[in-house]
Amino acid sequence: MESGYAKHQFKSWLSQFRNGSNPWMARYVYGFMFLIANLLAWAVRDYGGSVLTEMERLKGCHGVKDCLGAQGVLRVSLACFMFYFTMFLSTAGASKLKEPRDSWQSGWWSAKIVLWVTFIIIPFLLPAAIIQLYGEIAHFGAGYHSILLLIPVFIMVFLLIQLISIISFITWLNDCCQSSKSERCQIHIMLLATTAYVLCLTGIILMYIWYAPEPSCLLNIFFITWTLVLLQLMTSVSLHPKVNAGILTPGLMGLYIVFICWFAIRSEPTGESCNRKAEASNKTDWLTIISFVIAVLAMVIATFSTGIDSKCFQFRKDETESEDDVPYGYGFFHFVFATGAMYFAMLLIGWNTHQSMKKFTIDVGWASTWVRIVNEWIAVCVYLWMLIAPIIWKSRQTAESA
């Protein structure tokens, strides 16, 4: 009976996939295509040197391996960007099921596979100058020796969207926990918040031990200490009587910024004496490979989860939903994936087209470190603004009414 039911369910899903009647299933297909693009870009970077050397369009690299790998990654990224941006333009504004844009989102897979393969081929036929221009647009002119690392506009949008989505989820989780007034639920909140703060402090102590072993490691000491200061700032503002956001939200946000700080320091070049963990993992081993696979999967999952979270960006939350409304914003979904295509390219080349990247490494270099650090600071600013803004608007409305 169970095997028959499973077989029936599989046939039902397959039928829905062919008929284009299940937008929820379609999002997994787009996510899988994005994963394939990531793996293709990695394969081109690490193992495509001999093939790329023979391509006439890549002669501008003069056989330099690092340049060839970066060019290959940028070409795959451009193909992925063109596909998802085309989908964004063709599905933006879709609001009802069964309309043409909904059918295009959930169906026409043969046409979209042909479109995707075509977009993969086109960038490899373009001259190196155009690909370099795309890299400059994605990178927005941020040089390796630049003091103020200019984060690319599109990638900044991607990181900001992802950031707001994470903060919205943390706020939603806190609201759900606080909505219950039972004593048992309050105990669970306190336990969860306490665990979060213990993990934050443990992480900060371990970062001091691992990445700031000597007083000369001033930059890492600054990064870690400033993270501790930001954690204290978020806690103080959240517990202010006028804000009263509870202790769970800053604890979870603290985990997030400690993770970003750790990721940023881990991205420092392996030759740095302050990064002992990086020196220990200089050789490609199974731990390095597993870490690389987890990083790629985490990026794809983060892009996927952010793409379907369009509701947290709605300016009007009080709109009633009808049964024939689309389950998520199709245009927003594809826009996130389009910006994510630029983002994974920068991670694979270390935000620098002339930087040497070892096999199975991702997001390594000073540019990567500063991008993470700036992202951490922006995360705290956005979180604090989401706490303070309602109070400011309310006080202004009170002053105007008076």
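Me: How far is the charged end of Lys112 from the centre of the Trp109 ring that it sits over?

Reply: The distance is 3.9 Å. "Sits over" has a strict meaning here: NZ of Lys or CZ of Arg must be within 6 Å of the ring centre and within 35 degrees of the ring normal. Before we go on, keep in mind that this is a predicted model, where local features need pLDDT of at least 70 and side-chain atom pairs count only at pLDDT 80 or more, while totals for chains, interfaces and linings use all residues. Residues are numbered from 1 along each chain as its sequence is written, and side-chain values use heavy atoms, with hydrogens and water left out.

Me: Okay. Which ring, with its centre 5.2 Å away, does the charged end of Lys112 also sit over?

Reply: That's the ring of Trp104. So when you look at Lys112, find two tryptophans: Trp109, with its ring centre 3.9 Å from the charged end, and Trp104, with its ring centre 5.2 Å from that end.

Me: And which residues form an aromatic cluster with Trp109?

Reply: Tyr30, Phe34, Phe83, Tyr84, Phe333, Phe337 and Phe344 join Trp109 in one cluster.

Me: Let's stay with rings. How many aromatic pairs does a search of the whole structure find?

Reply: It finds 21. Rings of Phe, Tyr and Trp (its six-membered ring) pair if their centres lie within 6.5 Å; planes under 30 degrees apart are stacked, over 60 edge-to-face, the rest tilted. Take Phe222 and Trp226: the ring centres are 6.4 Å apart and the planes make 15 degrees, so this pair is stacked.

Me: Where do Phe222 and Trp226 lie relative to each other along helix H10?

Reply: They are 4 residues apart in H10 (residues 218–238), so about one helical turn separates them. Helices (H or I, at least four residues) are DSSP runs, numbered from the N terminus.

Me: How exposed is Phe222, and what about Trp226?

Reply: Phe222 is partly exposed, with a relative accessible area of 38%, and Trp226 is partly exposed at 37%. The cut-offs are under 20% for buried, over 50% for exposed, and partly exposed in between (1.4 Å probe, protein chains only).

Me: Then there's Phe222 with Trp377. Why is that pair called edge-to-face?

Reply: Look at the angle: the two planes stand at 80 degrees, with the ring centres 6.3 Å apart, so Phe222 and Trp377 are edge-to-face. This pair also links distant parts of the chain, because Phe222 belongs to helix H10 and Trp377 to helix H15 (residues 366–401), 155 residues apart. Trp377 is partly exposed, at 28% relative accessible area.

Me: Now charges. How many salt bridges does a search of the whole structure find?

Reply: Just count 2. For a salt bridge, a side-chain nitrogen of Lys or Arg must be within 4 Å of a carboxyl oxygen of Asp or Glu. In one of them, the side chains of Arg45 and Asp46 meet at 2.7 Å, N to O.

Me: Are Arg45 and Asp46 buried or exposed?

Reply: Arg45 has 9% relative accessibility, so it counts as buried. Asp46, at 8%, counts as buried too.

Me: Which side chain does Arg101 meet in a salt bridge?

Reply: Arg101 meets Glu99, at 3.0 Å, N to O. Arg101 is partly exposed, with a relative accessible area of 30%, whereas Glu99 counts as buried at 15%.

Me: What about Arg75: buried or exposed?

Reply: Arg75 is at 0% relative accessibility, so it counts as buried. You'll find Arg75 in helix H4 (residues 65–91). Now look across to Leu125: the two are 50 residues apart in sequence and 9.5 Å apart in space, C-alpha to C-alpha. Leu125 is in the loop between helix H6 (109–121) and helix H7 (128–139), and Leu125 is exposed, at 52%.

Me: One last residue. What sign does the phi of Trp108 have?

Reply: Positive: phi is about 55 degrees, although Trp108 is not a glycine. Trp108 is in the loop between helix H5 (100–106) and H6, and at 59% relative accessibility Trp108 counts as exposed.

Note on methods: Helix = DSSP H or I, 4+ residues; strand = E, 2+ residues; numbered from the N terminus.
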